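Here's a quick briefing to read with the structure open beside you. Have a look at the fold first, then work through the topics below.

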Amino acid sequence: MKSLINFHNPKTKLIYLKQKSLFDLFCTSVSVGLHKEAGLWLFSASQTVDMAAAAARIDRGRRSVSLLGTVTGCRATHTAPKSRYDALVVGGGELRGLHCVAAYLQKGGVKTAVLERRHVLGGAAVTEEIFPGFHFSRCSYLLSLLRPHIIRDLELKKHGLKVYLRDPHAFTPMLEDGVRGAPPRSLILGSDLASNQREIGKFSQKDAKVYPEFTAHLEKLAGAIHPLLDSSPVDIPGVTTGSLKKRLSAAKTLMPILKCGLKLGRNVPDFYEILTAPITKILFRWFESEPLRATLATDGVIGAMTSPSNPGSGYVLLHHVMGELEKEKGAWGYVEGGMGGVSQAMARAARSYGVDIFTEKDVEQILVGSDGSAKGVALKDGTEINSKVVLSNATPYVTFRNLTPQAALSSEFIRAVDQIDYTSPVTKINVAVDKLPNFLALPTPDGKPGPHHQCSIHLNCESVEVLETAYKEATNGRPSTRPMLEMTIPSVLDPTLAPPGCHVVSLFTQFTPYHVEGREWTSQDREAFADTVFDWVEQYAPGFKKSVVGRDILSPPDLERIFGLTGGNIFHGSMSLDQLYLARPLPSLSNYRSPIKGLYLCGSGCHPGGGVMGSPGWNAAVTVMADLKSH
Ligand SMILES: Cc1cc2nc3c(=O)[nH]c(=O)nc-3n(C[C@H](O)[C@H](O)[C@H](O)COP(=O)(O)OP(=O)(O)OC[C@H]3O[C@@H](n4cnc5c(N)ncnc54)[C@H](O)[C@@H]3O)c2cc1C
């Protein structure tokens, strides 16, 4: 079988001949380090040669080779789990699994263990050294949504979390011939409003004028969501059934909605509109220039198999602008050492409270007793661990279809679980390069980073029509021929990620279907799609293809197989209007409890959904603590 990782730069072969001594060591590292994905990382001989050569060509070659395939930090407690805990958490995703546990111990003294299937903690928030010396945020790559109270409560900065803020943050180069020898135009957005207006003015003076008003408006709408993030959805059974005392007590779950309404004031109708509308409806009302519309529209479709003209894309945009970093509203930044840095800080915090954390503990089944309640888990190696409660950080599908005995669930419930939408458009491509991309629109011939290199670089973003077409191709079962590309180069700000002079490039691409023309993805499909992506990048930044040392291609089925993301969906279920708040992931599961007493969901399949945010874990922990207290 061909590798998903492909060192495909022919020039590396020459260097291989000169550096043959590294070859054996490198191959050993490959087989030791990468077999861990259940034997899926196999390499053809020529690729292995290329990989060895690639290892040799970087400055830190010898040291890096011995690290290949390992993960940057974040390893687990290596003693065996005890036979009994108060709480077991299935899955060590960065925030839901780890944070949930930490909250337990911090607030309630519940003895807890985390059991992670992979050899590394963090789930989709992980750093992996895929090629020697190159440390990738292999899935998620930018931080903004992590709730500030969680950073404070768990003292994540004390535990090593460091973030690089980006200013400017968005760069959209045009694919056009510059007028009278000038370079093609581009749009750069950051925190300086006057500079933003100058940039937008290159395309439309009218848009430049209204942009500050638009951002203030959006900030107001996004800020109103915060009270809803930090608490469970309204307890509908609680407020509608039971004694008056119980109902009054449950009525306090209405408070976040009231707070949201009060924050919005007369903007309630605008809020309702953006939640439900196609984002084009809003953007086309405010703006006339296509590059600005398309750049903003990307936030309305990112991670979602939807187009900017579909209802609900407004909410997706809101979800992506509601965060804050270092008190800066809506800002996104790079975590030092990659996104695994969040998970490492979280794990250190959890351990400091006494949590036991284990990797390579694949949960085979949630144990359900004869009274119908959860009793613990059985691991794939046959070990059984007992507990009072079990929290699942896995997706709702994995939890209820793969891990829970089906006889313990009703057929209606199983049918509802099967209906949860996990459609995903994302293929993530992680690229190691030996040279910074040099964009025609803002040339940097000296090879030094310009301000635009730290941005989210939006390629194929000249107009909303380009995004629409890319979406339509995928809904017809084919990867887009002109995909929407969000490129980031975190090593521009964080030198720990790549060898000197080299860089890690993340390409978050849409739209790719789960099945290609109704069949499974083949390695040829993956390589062909990556080639298409690289051809497009080459047009904006000639020389990119030559600079590539290696690439790691993760199509939707790869994201499912490696990271346990059902359907490849990056949010543990679409963030569509029918799967939010009281209906996330299902109306019957919206309060983190499940039909099995003592079994809870704590991952991003729950309210308030995906992103490196922490809220589902926090809310689930509060729910579990309340249940444990009342029994
Ligand atoms: C390609 C990609 C890019 C993204 N980009 C961003 C971004 O830039 N910013 C952002 O905020 N968000 C981003 N996201 C979304 C974000 O990463 C996720 O929403 C978030 O990390 C999910 O966290 P989680 O803890 O809920 O689940 P996960 O991170 O999925 O963790 C679940 C864990 O459970 C484990 N598990 C599953 N089954 C078992 C079992 N049987 N036994 C033991 N363990 C098990 C899994 O191995 C995994 O570690 C991205 C996601 C992807 C995939």
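Which residue in the turn between E13 and E14 has a positive phi? That's Gly372, with a phi of about 85 degrees, and it sits in a hairpin where 5 residues separate the two strands. Keep in mind that this is a predicted model. The rest of the briefing covers the ligand site, the salt bridges, the strands and two buried residues.

**The ligand and its surroundings**

- There are 32 residues around the ligand, and the ones that come nearest are Glu116, Leu142, His572, Gly611 and Val612.
- Sorted by class, that shell holds 15 nonpolar residues, 11 polar ones and 6 charged ones.
- Backbone atoms meet nitrogen atoms of the ligand in several places, and Leu142 is one of them: a backbone N or O atom there lies 2.8 Å from a ligand nitrogen.
- Val363 also offers a polar backbone atom, 3.0 Å from a nitrogen atom of the ligand.
- For Arg117, the distance from a backbone N or O atom to a ligand nitrogen is 3.1 Å.
- On its own the ligand has 1,000 Å² of accessible area, and the protein covers 96% of that.

**Salt bridges**

- Side chains of opposite charge can pair when their charged atoms come close.
- Searching the whole structure turns up 26 salt bridges.
- One of them joins Asp356 to Lys111, with 3.9 Å between the closest N and O atoms.
- Asp356 belongs to strand E12 (residues 356-358) while Lys111 sits in the loop between helix H5 (96-108) and strand E3 (112-115), so this pair ties together parts that are 245 residues apart in sequence.
- The two partners fall into separate burial classes: Asp356 counts as buried because its relative accessibility is 14%, whereas Lys111, at 30%, counts as partly exposed.
- Glu199 and Lys202 form another salt bridge, 3.1 Å from N to O.
- Here Glu199 is buried at 16% relative accessibility, and Lys202 is partly exposed with a relative accessible area of 38%.
- What about Glu527 and Arg551: are they buried or exposed? Both Glu527 and Arg551 are buried.
- Glu527 and Arg551 make a salt bridge too, with their closest N and O atoms 2.8 Å apart.
- That pair connects distant parts of the chain, with Glu527 in helix H21 (residues 523-540) and Arg551 in strand E20 (residues 548-554), 24 residues apart.
- Arg118, Glu128, Arg138 and Asp552 are joined into one network by salt bridges that share partners.

**Strands and how they pair**

- Why is strand E2 (residues 84-90) described as largely enclosed by the rest of the structure? Because 5 of its 7 residues are buried.
- E2 runs parallel to strand E15 (residues 384-392), and 6 bridges join the two.
- Within that pairing, Ala87 of E2 stands opposite Val389 in E15.
- E2 also pairs with E3 in the parallel sense, over 4 bridges.
- On that side, Val89 has Val114 of E3 as its bridge partner.
- Strands E13 (residues 363-368) and E14 (residues 374-379) pair in the antiparallel sense over 5 bridges.
- Leu367 has Gly376 in E14 as its bridge partner, and Gly372 lies in the turn of the hairpin that E13 and E14 form.
- If you're tracing side chains by eye, remember that in a regular strand they alternate between the two faces of the sheet.

**Two buried residues worth a click**

- Glu462 lies in the loop between strand E17 (456-459) and helix H20 (464-475).
- Its relative accessible area is 14%, so Glu462 counts as buried.
- Which side chains does Glu462 contact? The side chain of Glu462 makes a polar contact of 3.0 Å with the side chain of Arg482, and another of 2.8 Å with that of Tyr540.
- Ser547 is found in helix H22 (residues 544-547).
- Ser547 is buried too, with a relative accessible area of 4%.
- Val431 is 116 residues from Ser547 along the chain, and the C-alpha atoms of the two are separated by 9.8 Å.

How values were computed: Residues numbered from 1 in each chain as written. Predicted model: local features only at pLDDT ≥ 70, side-chain atom pairs only at ≥ 80, totals over all residues. Heavy atoms only, no water. Near = heavy atom within 4 Å. Polar contact = N/O pair within 3.5 Å; in protein donor to acceptor, adjacent residues only side chain to side chain. Areas by Shrake-Rupley, 256 points an atom, 1.4 Å probe, with all protein chains shown as cover. Nonpolar A, V, L, I, M, F, W, Y, C, P; charged D, E, K, R; others polar. Salt bridge = Lys/Arg side-chain N within 4 Å of Asp/Glu carboxyl O. Buried < 20%, exposed > 50% of the residue type's maximum accessible area, 1.4 Å probe, protein only. Pairing = 2+ DSSP bridges.
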